[in-house]
Amino acid sequence: MPSYEGILSWIFCESPRSNHNVPGVPEVDVVTLRWNGEQVARREMEQGETWSLDVTRPLPGPATVEVVVRPNEDGSVEDVIGSVQLATSLAGAGFQVARFDDAGARYELTYRVNPHDPGDG
């Protein structure tokens, strides 16, 4: 039976949700990626930044990856701005790009699904 792996390649911040409007201080979001509810990556991002993720996990069945942002400001709240469904039907289709635009937060997540060769480690 073939096996598959889901790969989160990178995320790009076109525009953060943060809008504190403090001169000289960059607008920054805390970005979290959750794979079936489990946090797999987290860091701060600002406008124009690309984060190389290199997150690879076995894909025995469909998986949901959520993109969660929180402005890096006191009292701010995390929001899921979008999600993607990783499924074996995407195997071999190459890179997929999901765009999320929610209340000023604009991000792009690039991902793919590959057949997994157990000999590759």
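A salt bridge is here a side-chain nitrogen of Lys or Arg within 4 Å of a carboxyl oxygen of Asp or Glu. The model is predicted, so that local features need pLDDT of at least 70 and side-chain atom pairs count only at pLDDT 80 or more, whereas totals for chains, interfaces and linings use all residues. Residues are numbered from 1 along each chain as its sequence is written, and side-chain values use heavy atoms, with hydrogens and water left out.

**Exercise 1. Describe the salt bridge between arginine 17 and aspartate 79, and state where each partner lies and how accessible each one is.**

Step 1. The side chains of arginine 17 and aspartate 79 form a salt bridge with an N to O distance of 2.6 Å.

Step 2. Strands (E, at least two residues) and helices (H or I, at least four) are DSSP runs numbered from the N terminus. Arginine 17 belongs to the loop between strand 1 and strand 2 and aspartate 79 to strand 6, so the pair links distant parts of the chain, 62 residues apart.

Step 3. Buried means under 20% relative accessible area, exposed over 50%, and partly exposed in between, with a 1.4 Å probe and protein chains only. Arginine 17, at 12%, therefore counts as buried, while aspartate 79, at 33%, counts as partly exposed.

**Exercise 2. Place two further salt bridges, and state which residues form a network of them.**

Step 1. The structure holds nine salt bridges, among them the one that joins the side chains of arginine 34 and glutamate 66 at 3.9 Å, N to O. This pair also links distant parts of the chain, with arginine 34 in strand 2 and glutamate 66 in strand 5, 32 residues apart.

Step 2. Arginine 34 is partly exposed at a relative accessible area of 22%, and glutamate 66 is partly exposed at 23%.

Step 3. The network of salt bridges links Arg34, Arg42, Glu66 and Glu78.

Step 4. In another salt bridge, the side chains of glutamate 108 and arginine 99 meet at 3.2 Å, N to O. Glutamate 108 is partly exposed, with a relative accessible area of 22%, whereas arginine 99, at 59%, counts as exposed.

**Exercise 3. Classify the aromatic pair of tryptophan 10 and phenylalanine 95.**

Step 1. Rings of Phe, Tyr and Trp (its six-membered ring) pair if their centres lie within 6.5 Å, and planes under 30 degrees apart count as stacked, over 60 as edge-to-face and the rest as tilted. By this rule the count comes to one aromatic pair.

Step 2. The ring centres of tryptophan 10 and phenylalanine 95 are 5.4 Å apart and their planes stand at 45°, so the pair is tilted.

Step 3. Tryptophan 10 is in strand 1 and phenylalanine 95 in the loop between strand 6 and strand 7, and the two, 85 residues apart, link distant parts of the chain.

Step 4. Tryptophan 10 is partly exposed at 34% relative accessible area, and phenylalanine 95 is partly exposed at 47%.

**Exercise 4. Work out which elements build the largest nonpolar core, and what isoleucine 11 touches.**

Step 1. A nonpolar core is a set of buried Ala, Val, Leu, Ile, Met, Phe, Trp, Tyr and Cys residues joined through side-chain atoms within 4.5 Å. The largest one has 26 residues, of which Leu8, Ile11, Leu53, Leu86, Tyr107 and Leu109 touch the most other members.

Step 2. Two or more residues come from each of strand 1 (3-15), strand 2 (28-35), strand 3 (38-46), strand 4 (50-58), strand 5 (63-71), strand 6 (79-86), strand 7 (96-102) and strand 8 (105-116). Strand 8 gives the most, with five residues.

Step 3. If neighbours within four places in sequence are left aside, and contact means heavy atoms within 4.5 Å, isoleucine 11 is in contact with residues including Val31, Leu33, Met45, Leu53, Val67, Tyr107 and Leu109.

**Exercise 5. Describe the surroundings of serine 18.**

Step 1. Serine 18 lies in the loop between strand 1 and strand 2 and, at 4% relative accessibility, counts as buried.

Step 2. A polar contact (a pair of N or O atoms within 3.5 Å; within protein, one must be able to donate a hydrogen and the other to accept it, and residues adjacent in sequence count only if both atoms are side-chain atoms) joins the side chains of serine 18 and glutamate 27 at 3.1 Å.

Step 3. Beyond its neighbours within four places in sequence, serine 18 is in contact with Glu27, Val28, Asp29, Pro71 and Glu73.
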